[in-house]
Amino acid sequence: MSTIPYQKAQKKLNRLLHQVCENDETIFISKEGRKNAVVISEREYNSLLETIYLTSSPKNAERLFESLRQLE
């Protein structure tokens, strides 16, 4: 993960997007006096949504975590 100021990100947006998509890198874009924005790849975004969905049910989440404990 890296952080880049908004002005710099704006100038090299094409390269940043390529970097994010090719390397599944997360980039934070900061703007003075404002909250940061985060750029992630579509693959990473979909993975996060899937994790949220699978763990949204407490019963399902417990089964998943139990399976992980058994693997360890």
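User: Is V20 buried or exposed in this structure?

Analyst: Let's start with the number to look at, the relative accessible area. This is a predicted model, and in it V20 has a relative accessible area of 1%, so V20 counts as buried, the cut-off being under 20%. V20 lies in helix α2.

User: Which residues does V20 touch, not counting those up to four places away in sequence?

Analyst: V20 touches E25, I27, V39, I40 and S41. Take V39 from that list: V20 and V39 are 19 residues apart along the chain, and their C-alpha atoms are separated by 7.3 Å.

User: Which residues make up the largest nonpolar core?

Analyst: Here you look for buried nonpolar residues whose side chains join up. The largest such core has 6 residues in all: I4, A9, L16, V20, I27 and I29. The elements that give two or more residues to this core are α2 and β2.

User: Now the sheet, please. How do strands pair?

Analyst: The general idea is that strands of a sheet pair through backbone hydrogen bonds, either parallel or antiparallel. In this model there is an open sheet of 3 strands, in the order β1-β2-β3, and its pairing is mixed. The edge strands, each pairing on one side only, are β1 (2–5) and β3 (37–39). From one strand to the next, the twist averages 30°.

User: How many bridges join β1 to β2?

Analyst: There are 4 bridges between β1 and β2, and these two strands run parallel. You can follow the pairing residue by residue: S2 has I27 in β2 as its bridge partner, and P5 has S30 in β2.

User: And over how many bridges do β2 and β3 pair?

Analyst: β2 and β3 pair over 3 bridges, in the antiparallel sense. One bridge to look for joins I29 to A37 in β3. The two strands also form a hairpin, with 6 residues between them. In the turn, G33 has a positive phi of about 80°.

User: Which residues are on the covered face of β2, and which on the uncovered one?

Analyst: A general rule helps first: in a regular strand the side chains alternate between the two faces of the sheet. In β2, the covered face has I27 and I29, while the uncovered face has F28 and S30. You met I27 and I29 earlier as members of the largest nonpolar core.

User: Which strands does α2 touch where it packs on the sheet?

Analyst: Helix α2 touches β1, β2 and β3. To describe how a helix lies on a strand, we compare their directions as an angle. For α2 and β2, that angle is about 150°.

User: What should I look at in the loop between α2 (13–23) and β2 (27–30)?

Analyst: Try D24, which lies in that loop. D24 has a positive phi of about 50°, although it is not a glycine. With a relative accessible area of 25%, D24 is partly exposed.

T26 lies in this loop too. T26 is buried, with a relative accessible area of 16%. Leaving aside its neighbours within four places in sequence, T26 is in contact with M1, S2, V38, V39 and I40.

User: Is N23 buried or exposed?

Analyst: N23 is found in helix α2, and its relative accessible area is 53%, so it counts as exposed, the cut-off being over 50%. For the distance from N23 to S41, 18 residues apart along the chain, compare C-alpha atoms: they are separated by 8.6 Å.

User: Where does E44 lie, and how far is it from T26?

Analyst: E44 lies in helix α3 (residues 42–55). E44 is partly exposed, with a relative accessible area of 26%. From C-alpha to C-alpha, E44 and T26 are 8.9 Å apart in space, and they are 18 residues apart in sequence.

User: One last feature, the rings. How many aromatic pairs does a search of the whole structure find?

Analyst: For aromatic pairs, you check how far apart the ring centres lie. The search of the whole structure finds 0 of them. A ring can also have a charged group over its face. Here K31 lies over the face of Y6, at 4.4 Å from the ring centre.

Key:
Residues are numbered from 1 along each chain as its sequence is written. This is a predicted model: local features need pLDDT of at least 70, side-chain atom pairs count only at pLDDT 80 or more; totals for chains, interfaces and linings use all residues. Side-chain values use heavy atoms; hydrogens and water are left out. Buried means under 20% relative accessible area, exposed over 50%, partly exposed in between (1.4 Å probe, protein chains only). Contact means heavy atoms within 4.5 Å. A nonpolar core is a set of buried Ala, Val, Leu, Ile, Met, Phe, Trp, Tyr and Cys residues joined through side-chain atoms within 4.5 Å. Rings of Phe, Tyr and Trp (its six-membered ring) pair if their centres lie within 6.5 Å; planes under 30 degrees apart count as stacked, over 60 as edge-to-face and the rest as tilted. A charge sits over a ring if NZ of Lys or CZ of Arg is within 6 Å of the ring centre and within 35 degrees of the ring normal. Two strands pair if DSSP finds at least two bridges between them. Axes are lines fitted to C-alpha atoms, for helices over the stretch in contact, and angles run from 0 to 180 degrees between N-to-C directions.
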